[in-house]
Amino acid sequence: MTSEISAEQSARKRALDILAAAPAKVLAERWAAFGEQPAHQRIRGPETGLVMVRGRAGGGGAPFNLGEATVSRASVRIVTGEVGHGYCLGRDLDKAEVIAVVDALRQREAGRVDAEIIVPLEELAAASDAKKRDEVAATRVDFFTMVRGDN
Amino acid sequence: MYVAVKGGEAAIANAHRLLADRRRGDRSVPALRLDQIVEQLGLAVDRAMGEGSLYDRELAALALVQARGDLIEAIFLVRAYRTTLPRFGYSEPIDTGAMKIERRISATFKDLPGGQMLGPTFDYTHRLLDPSIVGEDAEVPAVRGVEDEQAPRVTDLLGRQGLIEPDGELPEGHEVGDLTREPLDFPLNRDLRLQALARGDEGFLLALGYSTQRGYGRTHPFVGEIRIGEVEVEFDIPELGFAVSLGRVRVTECQMVNQFKGSAKIPPQFTRGYGLVFGQAERKAMAMSLVDRALRAKEFGEDITAPAQDEEFVISHSDNVQATGFVEHLKLPHYVDFQAELDLIRRMRAEFEGKREAAE
């Protein structure tokens, strides 16, 4: 689904992906530190609903419905007119609304938003992933074959 | 004659009040917080979430506390909660090949690209109760600095050589079935079966899977791969015109590789069963993959001789919320039904006595 999107869309997607993955507390801190918080008007939500998560038979075959997940979303218009959308797993309405405002603001100030919010969040996520990866790697089995003695 | 019986209101209200008291227990013991349950009873949370068919760890933790730890009651609460929320839509299918792996093992291949990682497993523990863990901080995990490495699904590796059947496609244009939207109509397609199994009762599926191993619908299984970890959930946003990630969910996937099958047209190849479950739920994913394979008997022209191969039997009884509803309704007042039965048996007894006297 994401194969034919423009570079601009792809950067917006990346930002939204990182925002959704961010722990709510960390995102709220980053956002509070950002300073400029544009006034905004709610277009839709914030609201919580369900998304049916799909898997694929055998991992890569026909899709099937695995089960639902709670999702919160919000759409806002900031005072300068840009419209932003926020989606994230869970029931945190504030988080969805902050994502929407950041998404809207990013359309006007991509450079600053990326530098002060998106990139730091991405770095935190990468560090957390690397830590988990290294912990899991320590449980990797190094198989060796016992050499049979000659006598 | 229908007789309405009233009079239980005060008893019910007081029973619920007593339940709340007993749930809380001794007030001198600190009350549980949800984050304690999420963090320290994670696999119970995962089970409530998986069989409740709703990914939300905090809600599942709340359900567990409210249910006093009764898993089926907790699952029931989670299922009831989901009916209160609107459905935004369907996600893109998750890509388990791109999983952030926390555990990955194979019983069929020793050397795998990406390696075998035991992860946080109960395997190889001594199953000795350890009082020292109570109230103690755990040691920090060991680390081994590595680079990110691809870990393709084992079945993809074997698949490239054509020795194993493909992942399992359904005909072009097939609309994905959803048992939360339409009632089940047997026979089912595999997509609906997988949905039902993914939310099915672990104990029931475990017993059925075990039965196939003991000879009731034997399928000669090997664990091709089990992997546990987080995957992105991508959701198409109409307002944006592209899909974004909503975040990650943890899932457990089991690829069971089974006895081969060939025909005039298809050379002999391994067949497969598939298990995919929310959270860390290895036993459930394994049981699901065994039952999935057993339920494909008809597809492979196998004789249907065992319970695990009987689709209608398995799927109609795999849901523990339905099962508990029907079993537990037996304790609700059946006074009028029972009165009718009582009248009937009295009449039958009178007839029986009458006949016996006549014969004497």
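The paragraphs below lead through a predicted model with chains A and B, from the domains of chain B to its sheet, its helices and its contact with chain A. In this predicted model, local features need pLDDT of at least 70 and side-chain atom pairs count only at pLDDT 80 or more, while totals for chains, interfaces and linings use all residues. Residues are numbered from 1 along each chain as its sequence is written, and chains are lettered from A and ligands numbered from 1 in the order in which they are written.

Chain B is divided into domain 1 (9-82) and domain 2 (96-120 + 148-167 + 178-323), with bounds that come from an automatic or database domain assignment. The C-alpha centres of domain 1 of chain B and domain 2 of chain B lie 29 Å apart. Their contact takes 13 residues from domain 1 of chain B and twelve residues from domain 2 of chain B, where two residues are in contact if their C-beta atoms, placed from the backbone, lie within 7 Å. On the side of domain 1 of chain B that touches domain 2 of chain B, the elements that give two or more residues are α3 (42-52) and α5 (71-82) of chain B; helices (H or I, at least four residues) and strands (E, at least two) are here DSSP runs, numbered from the N terminus. The largest share of that side, seven residues, comes from α3(B). By class, this side of domain 1 of chain B has six nonpolar, three polar and four charged residues, with Ala, Val, Leu, Ile, Met, Phe, Trp, Tyr, Cys and Pro counted as nonpolar, Asp, Glu, Lys and Arg as charged, and the others, Gly among them, as polar.

Chain B also holds an open sheet of four strands, in the order β3-β4-β5-β6 and with antiparallel pairing, where two strands pair if DSSP finds at least two bridges between them. Because β3 (100-105) and β6 (269-278) of chain B stand at the edges, each with a single partner strand, one side of each is left without a neighbour in the sheet. Neighbouring strands of this sheet are turned by 30° against each other on average, direction ignored. Starting from the β3(B) edge, β3(B) and β4 (residues 222-237) of chain B pair in the antiparallel sense over five bridges; Lys100(B) has Glu230(B) in β4(B) as its bridge partner, and Arg103(B) stands opposite Ile228(B) in β4(B). Between β4(B) and β5(B), which run antiparallel, there are 14 bridges, and Asp236(B) has Ala243(B) in β5(B) as its bridge partner. The hairpin of β4(B) and β5(B) has four residues between the strands, and in this hairpin Gly241(B) takes a positive phi near 85°.

Two packed helices are described by the angle between their axes and the distance between the axes. In chain B, the axes of α7 (residues 190-198) and α9 (residues 282-294) come within 10 Å and cross at roughly 150°, the axes being lines fitted to C-alpha atoms, for helices over the stretch in contact, and the angles running from 0 to 180 degrees between N-to-C directions. That crossing makes α7(B) roughly antiparallel to α9(B), on a scale in which angles under 35 degrees count as roughly parallel, over 145 as roughly antiparallel, 65 to 115 as roughly perpendicular and the rest as oblique. Arg193(B), Leu194(B), Leu197(B) and Ala198(B) of α7(B) make the contact with Met288(B), Val291(B) and Asp292(B) of α9(B), and by class these are five nonpolar, no polar and two charged residues.

Chain A has a helix pair of its own, in which the axes of α1 (residues 7-21) and α3 (residues 93-106) come within 10 Å and cross at roughly 155°, and α1(A) and α3(A) are therefore roughly antiparallel to each other. Here Ala15(A), Leu16(A), Leu19(A) and Ala20(A) in α1(A) meet Ile99(A), Val102(A), Asp103(A) and Arg106(A) in α3(A), a contact that divides into six nonpolar, no polar and two charged residues.

Between the chains, 71 residues of chain B are in contact with 52 residues of chain A. Among the elements that give two or more residues to the chain B side are β2 (87-93), α7 and β5 (242-261) of chain B, and the largest share of that side, ten residues, comes from β5(B). By class, the side of chain B that touches chain A has 33 nonpolar, 16 polar and 22 charged residues. Strand pairing also links the chains: β1 (residues 40-56) of chain A and β2(B) pair in the parallel sense over four bridges, and Arg54(A) stands opposite Pro93(B) in β2(B).
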